[in-house]
Structures are given as structure tokens and as C-alpha cells.
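Thanks, everyone. Let me put the structure up, and then I'll talk you through it.

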Amino acid sequence: MSSDGIPGPDSEVALRVKAMESLLLEKGLVESSAIDALIDMFENRLGPWNGAQVVARAWTDPEYKAWLLQDGTGAIADMGFDAVQGEDMVVVENTPQVHNIVVCTLCSCFPWATLGLPPVWYKSAPFRSRAASDPRGVLAEFGTEIGADTEVRVWDSNAELRYMVLPERPTGTDGLDAEALAKLVTRDSMIGVTKVAPPD
Amino acid sequence: MRKMLTVPDLAVPEQQAGAALPRDRGDPVFDEPWQGHTFAMVMSLYQDGHYSWAEWDDYLGYHIQAPGHFGGDDKPADEAADESHAGANYSRFLAECESDGARYYHYWQAAAEQLLDAMHLVPKAELDARVAAFAKAERGGPRFQAGQRVTVREIKREGHTHLPLYLRGITGEVESDKGLYMFPEMVSHGHDHAHNHDHADTDILQHVYCVQFAASDIWGEGSHNVHFNLWDYQLQPA
């Protein structure tokens, strides 16, 4: 371990994790089954496919969309995706006039119920610092062009309030149902760093 | 006190379920098993009410607050990016993000160690001692090899033991080394307790061997073989 307390290589930190888990198990503070269930939940149950279903429903159901934008927590829970930590959800809508981008400048708060765990870059210091100070620059890094007359809004998530973007429905999707639309929706588009591409 | 996780009832669509699902630019949620374990330990303790999420955030936020604040990355940004996105049109900025983000669970573990120490759940000295014990066990290879003859030691213990007592003094053949496992006598009786008895010098993490015994050697009759998984401590060379 280095002087700043951060474990070094993977093999070293893996050993520290194993040692900590063995002590917690012995003390009866955690149970193996609870650890396994949590890992399974985040690997297999929570993920952007949940958010994609929320987006697709909002695109096809104006009443649901109005509910989602007014009460994100309730509308998302209606899909069966309850808050993991009791956090409240706020959904912001992208339009031709406004483009929203979500960040957690202090740590890594993320809408777990709808998007799962955040991508690697979302948790990084460069993204967290620059997304807030230079969102157009960050969007360009992701290959996302935003017109000069489009307003860019940055939303800083915290542990209590977490944001998700309702992306713009792409053109050429008039004939698609919610199930087909959900397949077009990407995780990055719900963070607001990209747009949803039209179907091939 | 326990705050239950509410797992969404909605089934994961079949075409999206399973390990092949792209989640993080095609990467798995946890790159390494230890990442999932440090994440889940912090979550589980939080759910059981040992601390608030805000308290945890203070520790995690401190560790990930600034780029480069906690020392360099294992790999240069370009190299890390090249590995995961070979050939992709990938900006240098995003490569830096990936490189810093790859350290996330290192920061997470460091924050967890500090919080658990501060909360008197796992004192730092206790953790460091356990880490040293594990490191020692991993450095030493298995004492016995497949095919080697071993005899079960004449272990005398009060109370429950995980050794089938009828095997004491019986000789069998090592079928395979199963790797390192926690020695249950040390775990269930506690480290301090064990020190007062016959495990004072016993490693908490030991190789477990699958040992094959002839039934006739154990019971004096029978033509079959019986396999037992036994800890290093329980065996001696025949």
C-alpha cells in the first residue's frame, strides 16, 4: 500500500478485499449470500435496459411522459424500478432547444435503478470536472454536435437526487412500438453525452 | 433496522439478459471479482444501517476528489485506452477518463477501509494483520502434491471440530489441491480463542486437499474409496 492509503496493483487490492470480507463474515456483519445477491443484482438486474424501457414508454405515451417529467421517482417506480437507496429521480427532457447532460461532480452518484452502475469514464476526475465547466467540449469528445442556438444544461447529481435524461426520439421511428424503440436507446444517451441514433 | 433492497419484479428481457450484454462499452459491470465484492460489502453494511450513504459518500468523495491526487495510474492513459478500444476513434480526453476511472474501485476499497476503521467495524490493525496472513498463505505453495500419501493427524480437540474424527491416523492419497480456504476452526472459534488452544501457529488460510481413502482402511471393510476435503493442518506426510 502506498503512503496515501490507496492499495496498489490489482493483486494487492484483491487481497485486501478478501481479508476485509473474511473479517466481516467472521464478525457476522455481512453474509455471503447477501454479498452474492448484491453482485448479481448489479450485474444482471439493474442496467440501462431498464431506463430504455422508461424512455420508450415516454416516447409512446404522452400521459406517462408528463408524469415522468413531473414525478420521475413515481413514474419510474410504476415500471417496477424502485430506488435502490431511497433516492429521488429527476428526469430532464432533451428537445431541439435544450440539451441536458448529467454528471456527479463530487463522486459518482448515478441513477442505479434505471441505468445500473455508472460507466468507467463517468466516475473519473476528468469527466467530473470538465462536464460541469465545459459541457460543449465534453459533448464534442463524445462526437455529439450541439447547435450554437441550443441551450446546454448541466445537472449535478447527489446521493439524494439523481438525474436521467429523456433523449429526443430519433426521426424515422414513427412506425416503431415501445419494444422496438427501447432497443434504440443507449445508456450514454440517458446520461446526455450522446443522442439516440435513428435506426439503420 | 435492515433496509431491504427492492429488486424490480420486471424480468430482464431475454435478449438482454446474460453476461454478454454490453453495459460499459462492452465491458462487464465489474472488471474483476474483487471490485464486485468491495462494492457489495459497502452496500450490505449500509443496508444494515451501520452508516448512512452520506457518511459513505464523504469517504469515497475524499478519495476520488481530484485527478492525480492519489498518485499515478498503473498504465499511461494512451496504453489503457488502446487496450480496451483498439482501433476505435477515441479521444484523448476519454482515454484519460477511462484511465482515471479504472482506479475507481481502488479508491472505493481505500475509502471502505477508512470508514470501517472509523466505525470500529474492522480496525485497521486487524485488517492489516489479516492481509499479512493471507499474503503469507498465498506466497507458500501447497505442501502436498497429487498422488502423495498423507496421514490424518491425531488431533485432540474439545468441542466441535470439522475433522471427521474416525479419519484420525488413517492414511490416504492426495487426489488434488483445492486451493486456499479459511480454516473453519479459526473462524468459528475466533482468532483470540484459537490462540489459547492448539491453533496458535495455525494459518487462518490453508490449502485444502481432496484426499482419497480406502473404505477398508477406515472401517476394516468395503471395497470402495471415499474422498474427503481436508485442511493442511489436519494432515502430515505418511
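I'll take confidence first, then chain A, then chain B.

So, this is a predicted model. It scores ipTM 0.84 and pTM 0.73. Chain B has a mean pLDDT of 75, and 70% of its residues score at least 70. Where is confidence lowest in chain B, and where is it highest? The low end is helix α3(B), residues 77-84, with a mean of 43. The high end is strand β1(B), residues 149-152, at 96. Two stretches of chain B need a flag. Residues 1-25 of chain B have pLDDT below 50, and this stretch has 38 contacts in the model beyond near neighbours in sequence. Residues 189-198 of chain B are also below 50. That stretch has 7 contacts of the same kind, again beyond near neighbours in sequence.

On to chain A. The count here is 10 helices and 4 strands. Walk from the N terminus and you get α-α-α-α-α-β-β-α-α-α-β-β-α-α. The C-alpha atoms fit a box of roughly 55 × 35 × 30 Å along the principal axes. Chain A has 200 residues, and 46% of them count as buried. Now the contacts. Take those in chain A between residues at least 6 apart in sequence: 70% of them join residues at least 24 apart.

Chain A is split into two domains. Domain 1 covers 10-44, and domain 2 covers 46-191. How far apart do the C-alpha centres of these domains of chain A lie? The answer is 31 Å.

Look next at strand β2 of chain A, residues 98-103. Of its 6 residues, 5 are buried, so the strand is largely enclosed by the rest of the structure. Which strand does β2(A) pair with in the parallel sense? That partner is β3(A), residues 151-156, and the pairing runs over 6 bridges. To find the register, pick N100(A): it stands opposite R153(A) in β3(A). As a reminder, strands of a sheet pair through backbone hydrogen bonds, either parallel or antiparallel. Chain A has just given us a parallel pair, β2(A) with β3(A). Chain B will give us the other sense.

So, chain B. Its secondary structure comes to 9 helices and 5 strands. The pattern along the sequence is α-α-α-α-α-α-β-β-α-α-β-α-β-β. There are 238 residues in chain B, and buried ones make up 29%. Of the chain B contacts with a separation of 6 or more, 62% are between residues 24 or more positions apart.

The sheet in chain B is open and has 5 strands. What is the strand order? It reads β4-β3-β2-β1-β5, with antiparallel pairing. The edges are β4(B), residues 225-231, and β5(B), residues 235-237; each pairs on one side only. From one strand to the next, the twist averages 40°. Zoom in on β3(B), residues 205-214. It runs antiparallel to β4(B), joined by 7 bridges. Within that pair, V208(B) stands opposite W231(B). A helix packs on this sheet too: α6(B), which touches β2(B), residues 171-182, and β3(B). The direction of α6(B) makes about 45° with that of β3(B).

Now the helices of chain B. Is α4(B), residues 92-101, mostly covered or mostly open? Mostly covered: 8 of its 10 residues are buried. Among them are L94(B), C97(B) and the acidic trio E96(B), E98(B) and D100(B).

Two single residues to finish. D31(B) sits in the segment before α1(B), which spans 33-47. With 16 other C-beta atoms within 10 Å, D31(B) is partly exposed. D31(B) and Y105(B) are 74 residues apart along the chain, yet their C-alpha atoms are separated by 9.8 Å.

The other is H120(B). Find it in the loop between α5(B), 104-118, and α6(B), 124-139. That second helix, α6(B), is the one we saw packing on the sheet. Why does H120(B) count as exposed? Because it has 7 other C-beta atoms within 10 Å, and the cut-off for exposed is 12 or fewer. The backbone is worth a look as well: H120(B) has a positive phi of about 60°, although it is not a glycine.

That's the tour. Over to you for questions.

Key
Residues are numbered from 1 along each chain as its sequence is written. Chains are lettered from A and ligands numbered from 1 in the order in which they are written. This is a predicted model: local features need pLDDT of at least 70, side-chain atom pairs count only at pLDDT 80 or more; totals for chains, interfaces and linings use all residues. Helices (H or I, at least four residues) and strands (E, at least two) are DSSP runs, numbered from the N terminus. A residue is buried if 20 or more other C-beta atoms lie within 10 Å of its own, exposed if 12 or fewer, and partly exposed in between; C-beta atoms are placed from the backbone. pLDDT is the predictor's confidence in each residue, from 0 to 100. Two strands pair if DSSP finds at least two bridges between them. Domain bounds come from an automatic or database domain assignment. Axes are lines fitted to C-alpha atoms, for helices over the stretch in contact, and angles run from 0 to 180 degrees between N-to-C directions.
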